[in-house]
Amino acid sequence: MYYAWTESPVGRLLLAGTDALSLIAFSRGPKPTAPKADWRSSDAPFLRQATAQIEEYFQGTRREFDLDLAPTGTPFQLAVLDALATIPYGETRSYGEVAAQIGKPKAVRAVGAANGRNPLPIVLPCHRVIGADGSLTGFGGGLETKRYLLELEGSRC
């Protein structure tokens, strides 16, 4: 696995993958992540492209990502990730709406769990999923980071 770090307004982000981006991780918050011992620091083209697009996102000049992605997960988790990718910039969805979108309207908690295991936050925008009552709920980078991302996008929060 190859990795690179990029600085952002929400702290350092760890980007990793083999031939495509498979991980974006926060270095702080409830689930801080660091590279594993067998990973190698790299400036591979896919990591440079991801770094550039994430920087553009935080500068407010990018609303959609155009990256080769290689997320991992169960078929259900991948269906949730596919649904996340359809949530437009500046909009939010409830966990129930995501569950209905993937054809599993009673799987709200499972959608929440899959959302929490999203290996590619920001690019697959799990921060855009909120509680049915409009409340901000758990996020791997912390609720302050989730609030920041939603405010950056002009979402109500």
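**Salt bridges, cores and overall build**

Visitor: Does Glu7 count as buried or exposed?
Guide: This is a predicted model, and the relative accessibility computed in it for Glu7 is 56%. A residue is called exposed when its relative accessible area is over 50%, so the class that applies to Glu7 is exposed.

Visitor: Which side chain meets that of Glu7 in a salt bridge?
Guide: The structure holds four salt bridges, and one of them, with a distance of 3.3 Å from N to O, involves Glu7. The partner is partly exposed, with a relative accessible area of 35%. The side chain that meets Glu7 in this salt bridge is that of Arg12.

Visitor: How far apart, N to O, are the side chains of Glu91 and Arg93 in their salt bridge?
Guide: Glu91 counts as partly exposed at 35% relative accessibility, and Arg93 likewise counts as partly exposed, at 23%. For the salt bridge in which these two side chains meet, the N to O distance is 3.1 Å.

Visitor: How many residues apart in sequence are the parts that Glu153 and Arg128 tie together?
Guide: Glu153 forms a salt bridge with Arg128, and their closest N and O atoms are 2.8 Å apart. Because Glu153 lies in the segment after helix H5 (143–152) while Arg128 belongs to the loop between H4 and strand E6 (129–130), the pair ties together parts whose separation in sequence is 25 residues.

Visitor: Are Glu153 and Arg128 buried or exposed?
Guide: The relative accessibility of Glu153 is 6%, and that of Arg128 is 4%. Since buried means under 20% relative accessible area, Glu153 and Arg128 each count as buried.

Visitor: Which helix gives the most to the largest nonpolar core?
Guide: This core has 35 residues, of which Leu21, Phe58 and Ile122 touch the most other members. At least two residues each come from strands E2 (13–17) and E3 (21–26), and from helices H1 (45–59), H2 (75–84), H3 (95–101) and H4 (108–116). With six residues, the element that gives the most is H1.

Visitor: Which tyrosine is in contact with Phe58, leaving aside its neighbours within four places in sequence?
Guide: With those neighbours left aside, the contacts of Phe58 include Ser8, Pro9, Val10 and Leu13. Ile122, Leu149 and Leu152 are also in contact with Phe58, and the tyrosine in contact with Phe58 is Tyr148.

Visitor: What is the relative accessible area of Thr6?
Guide: Thr6 has its place in strand E1 (residues 2–6). Apart from neighbours within four places in sequence, Thr6 is in contact with Gly11, Arg12, Leu13, Leu15, Thr51 and Glu55. Thr6 is buried, and its relative accessible area is 3%.

Visitor: What radius of gyration does the protein have?
Guide: The protein has five helices and six strands, following the pattern β-β-β-β-α-α-β-α-α-β-α along the sequence. The globule rule gives 15 Å for 157 residues and the computed value is close to this, so the protein is as compact as a globular protein of that length, with a radius of gyration of 15 Å.

Visitor: What share of the area that the protein exposes is supplied by carbon and sulfur atoms?
Guide: Buried residues make up 45% of the 157 residues, and the C-alpha atoms fill a box of roughly 40 × 30 × 25 Å along the principal axes. The protein exposes about 8100 Å², and the share that carbon and sulfur atoms supply is 49%.

Methods: Residues are numbered from 1 along each chain as its sequence is written. This is a predicted model: local features need pLDDT of at least 70, side-chain atom pairs count only at pLDDT 80 or more; totals for chains, interfaces and linings use all residues. Side-chain values use heavy atoms; hydrogens and water are left out. A nonpolar core is a set of buried Ala, Val, Leu, Ile, Met, Phe, Trp, Tyr and Cys residues joined through side-chain atoms within 4.5 Å. Buried means under 20% relative accessible area, exposed over 50%, partly exposed in between (1.4 Å probe, protein chains only). Helices (H or I, at least four residues) and strands (E, at least two) are DSSP runs, numbered from the N terminus. Contact means heavy atoms within 4.5 Å. The radius of gyration is taken over C-alpha atoms; the globule rule is 2.2 Å times the number of residues to the power 0.38. Accessible areas come from the Shrake-Rupley method with a 1.4 Å probe; for residues, only the protein chains shown count as cover.
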